[in-house]
Amino acid sequence: MAPIAFLAKSRPFVRLQNFKSISTFIHLQQEAQLAEPPAHAPPLPPNPASGSPRYNENWRNPTSAYSAGDGALIPVGLGFLQHTQGARIQMLSQSLDSHSLMNQFADWMTSQRWEDMKQLFEFWIRSLDVNGKPNKPDVNLYNHYLRANLMIGSSAGELLDLVAQMDDYGISPNTASYNLVLKAMQKAGETVAAEKLIERMIQTGKEYKESLPDEESYDLIIVMLLSKNQIDAALKYIDLTLKSGYMLSMKAFVDCVQSCVSNGRLETLVSIIERCKKMDQNKSLCPPWRVCNYIADIAMQSDNGELTYYALEFMAKWIAQGERARPPVLLAADEGLVVSAIGTAGRIGHSKLLDGSWAVLKRSLRQKKLPNPESYLGKIYAHANLGNLQKAFSTLHEFETAYGNSSNEDADDLFSPFYSLNPLVMACSKNGFATLDSVYYQLENLSHANPPYKSVAALNCVILGCANIWDVDRAYQTFNAIDSSFGLTPNVHSYNALIYAFGKLSKRDEAVKVFEHFVGLGLKPNSTTYTLLIDAHLIKRDPKAALSVVDEMIHAGYEPSKKMLKKIRRRCVREMDFDSDAKVESFARQLKIRLGTESRRDVLFNLQYVTDYA
């Protein structure tokens with residue numbers, strides 16, 4: 001009964017009529033009254049973020065705020081974000097205009113803070129300016145953003161995507177924008193894509209001049225193609241570089257040299273140099289001194305006269321530039337290199353290279369030193385091969401003036417018509433007696449000139465030239481003219497040439513008389529004299545007389561050569577002179593010369609010819 005009494009007491013004592021209470025039970029439903037909209041409501045102002053590619057990433061979009069991480073544009077000062085590096089950059093981006101941002105980029109570029117530059121730009125374009133509108137970059141700001149991406153290692157494809165996004169901001173990529181992409185392609189070695197990009201720049205540049213390829217653009221594609229040995233494709237862009245009025249960079253030219261040399265395309269390298277020389281902007285092109293020497297060395301190995309000439313021309317520019325410098329830098333071409341160039345000019349008949357080589361040599365010596373004898377001999381050889389006998393004898397005159405009175409032991413050999421001056425002898429006897437007579441008459445006329453030019457060495461060349469054409473009469477008359485017409489004294493080379501002329505026509509006795517004559521005059525025979533006498537005896541098939549000359553030669557202090565002893569032994573075998581053969585072997589053992597056998601030669605002499613055919 002107690003619970004019932006309690007419930008009875010809890011009931012209300014007073015009941016009010018028409019009283020309604022609020023309840024959450026289902027059977028007590030309530031309906032809200034909707035406010036009616038005004039008939040003519042004013043429109044909202046335009047969205048300040050309209051037209052921005054970052055609209056969906058604006059700070060008013062909460063989804064972007066959550067997905068951005070440290071880059072979310074939530075006020076940092078309210079404590080929602082920690083003060084990280086990204087948050088500090090975000091705060092900085094909200095306080096910069098385009099000019100201040102450019103200055104900030106310039107400051108960070110010196111310290112190479114590329115990642116911070118990238119973040120600052122991305123925060124900045126998500127922010128609003130003082131007018132409440134999204135920040136809009138210009139092409140220069142965007143190029144800084146591209147450079148930051150390039151420096152942190154973005155690929156060429158990623159950079160191309162960023163370039164494509166420039167249209168969203170109403171800006172067009174210029175040449176610098178494309179050059180940054182080309183640099184990424186160069187790192188990756190994407191030559192095909194780079195060529196397509198250059199062609200795109202050329203096509204776009206027809207309407208928008210700011211996107212035409214510049215000197216850097218062509219330099220990047222040329223170096224890239226040369227690194228892949230695509231010389232023909234690189235040559236196409238070299239032509240475009242020159243036609244556009246740009247200068248070929250030194251790196252591109254050096255790479256071109258290396259690529260052409262590696263692939264044996266020296267003529268292509270010559271054509272590139274010639275094209276550069278035709279343009280005013282590239283006339284001053286001059287590769288480093290080391291590269292000049294390298295080009296000259298490679299060109300001479302291939303007997304390429306034009307390329308050798310251009311290499312020496314580059315060296316001459318360096319020498320002149322060093323002399324004009326203050327303090328002067330005195331550069332000098334290696335004389336051995338110049339002598340090789342002169343020899344190349346003589347081999348291939350390149351007169352321009354010969355004149356250029358000699359000019360570089362004289363410029364390098366600066367009149368403080370005479371050229372070496374090898375330089376003069378190389379020039380005589382070159383002029384003789386070119387058929388310019390007048391310049392050859394003129395060089396001989398300079399040679400005699402410089403070294404004619406030398407006290408060196410080898411001075412006589414410098415003017416030997418058998419060795420050092422033999423190219424001049426061969427040139428004199430090339431067309432027979434007509435050339436020899438012409439040279440003789442010119443020398444005779446020069447002997448009466450003012451000042452007179454008289455040269456025993458030149459007359460010796462004529463005597464030996466007459467001997468070469470088997471004309472002993474002209475040789476003898478020229479020999480007599482040395483004293484009678486020119487008033488000079490024959491030297492040992494004169495007598496050697498006359499001995500050779502008699503010996504060649506099997507006139508051994510006359511050759512021996514010439515030898516005895518000049519020995520009686522007190523002249524000392526040289527090794528060539530004994531060699532010519534031995535040959536004269538062997539022509540007469542007299543090995544014993546030849547061996548007697550060998551004996552005299554040894555006593556005079558000269559050693560017979562291996563070739564000479566083998567010739568004597570061969571004649572002994574054919575004449576069946578076994579005693580002389582044994583003496584030859586004795587000389588060989590005495591001089592420690594290993595003669596070897598004549599088995600290969602004996603096979604030819606012991607062949608048995610038959611008329612029967614298998």
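## Helix H4 and its two sides

In this predicted model, the buried residues of helix H4 are Leu 101, Gln 104, Phe 105 and Trp 108. Because these residues cover an arc of only 105 degrees around the axis, they lie on the same side of H4. A general rule helps in reading such a pattern: an α-helix has 3.6 residues a turn, so residues three or four places apart point the same way. The face turned away from the buried side of H4 carries the exposed residues His 99 and Thr 110.

What do the buried residues of H4 pack against? Their partners are helix H3 (85-93), helix H5 (114-126) and helix H6 (139-151). The length of H4 can be checked as well: at 1.5 Å a residue, its 13 residues (98-110) should span 18 Å, and the end C-alpha atoms are 19 Å apart, which agrees. Just after H4, Gln 112 takes a positive phi of about 55 degrees.

## The chain as a whole

The protein chain has 31 helices and zero strands. Of its 614 residues, 44% count as buried. Among the contacts between residues at least 6 apart in sequence, 63% join residues that are at least 24 apart.

## Helix H18, a mostly covered helix

Helix H18 (residues 373-386) is mostly covered, since 10 of its 14 residues are buried. The buried residues of H18 include Pro 373, Tyr 376, Leu 377, Ile 380 and His 383, and Lys 379 is also among them. For its 14 residues, a rise of 1.5 Å a residue gives an expected span of 20 Å, and the end C-alpha atoms of H18 are indeed 20 Å apart, which agrees. H18 is followed by Gly 387, whose phi is positive, near 80 degrees.

## A buried serine in helix H17

Ser 364 has its place in helix H17, which runs over residues 351-365. Is Ser 364 buried or exposed? With a relative accessibility of 8%, Ser 364 counts as buried, because buried means under 20%. Leaving aside residues up to four places away in sequence, Ser 364 touches Ile 319, Ala 332 and Ala 333.

## Cysteines without disulfides

The structure holds zero disulfides. Why is Cys 256 not bonded to Cys 260, which has the closest cysteine sulfur? The two sulfur atoms are 3.9 Å apart, which is too far for a bond, because a disulfide needs the sulfur atoms to be within 2.5 Å. Cys 256 is buried, with a relative accessibility of 1%.

Cys 428 is likewise in no disulfide, and the nearest cysteine sulfur, that of Cys 461, is 6.1 Å away. The relative accessible area of Cys 428 is 0%, and this residue therefore counts as buried.

## An enclosed space

Rolling a probe the size of a water molecule over the atoms shows where empty space is left. A search of the whole structure finds one cavity of 30 Å³ or more, and about 40 Å³ of space lies in the largest cavity.

Which residues line the largest cavity? The lining is made by Glu 215, Tyr 218, Asp 219, Ile 222, Thr 241, Met 247, Leu 248 and Ser 249. Helix H10 (residues 215-227) gives the most to this lining, with four residues.

## Unusual backbone in the loops

Most residues other than glycine have a negative phi, and most peptide bonds are trans. Against this background, a cis peptide bond joins Arg 326 and Pro 327, with omega about 0 degrees, and Pro 327 lies in the loop between helix H15 (305-324) and helix H16 (335-348). Another cis peptide bond joins Asn 450 and Pro 451, where omega is also about 0 degrees; Pro 451 lies in the loop between helix H22 (433-446) and helix H23 (456-468).

Arg 541, although not a glycine, has a positive phi of about 60 degrees. Arg 541 is found in the loop between helix H27 (527-539) and helix H28 (543-555), and at 55% relative accessibility this residue counts as exposed. Met 576, again a residue other than glycine, has a positive phi near 55 degrees. The loop that holds Met 576 runs between helix H29 (562-574) and helix H30 (578-590), and Met 576 is exposed, with a relative accessible area of 62%.

Note on methods:
Residues are numbered from 1 along each chain as its sequence is written. This is a predicted model: local features need pLDDT of at least 70, side-chain atom pairs count only at pLDDT 80 or more; totals for chains, interfaces and linings use all residues. Side-chain values use heavy atoms; hydrogens and water are left out. Helices (H or I, at least four residues) and strands (E, at least two) are DSSP runs, numbered from the N terminus. Buried means under 20% relative accessible area, exposed over 50%, partly exposed in between (1.4 Å probe, protein chains only). Contact means heavy atoms within 4.5 Å. The expected span of a helix is 1.5 Å times one less than its number of residues. The arc is that of the directions from the helix axis to the C-beta atoms. On a 1 Å grid over the protein atoms alone, a cavity is a set of points where a 1.4 Å probe fits but cannot get out, and a pocket is an open set with protein on both sides within 12 Å along at least five of seven lines; lining residues have an atom within 4 Å of a point. Grid points are joined across faces, edges and corners, and a volume is the space filled by probe spheres set on the points.
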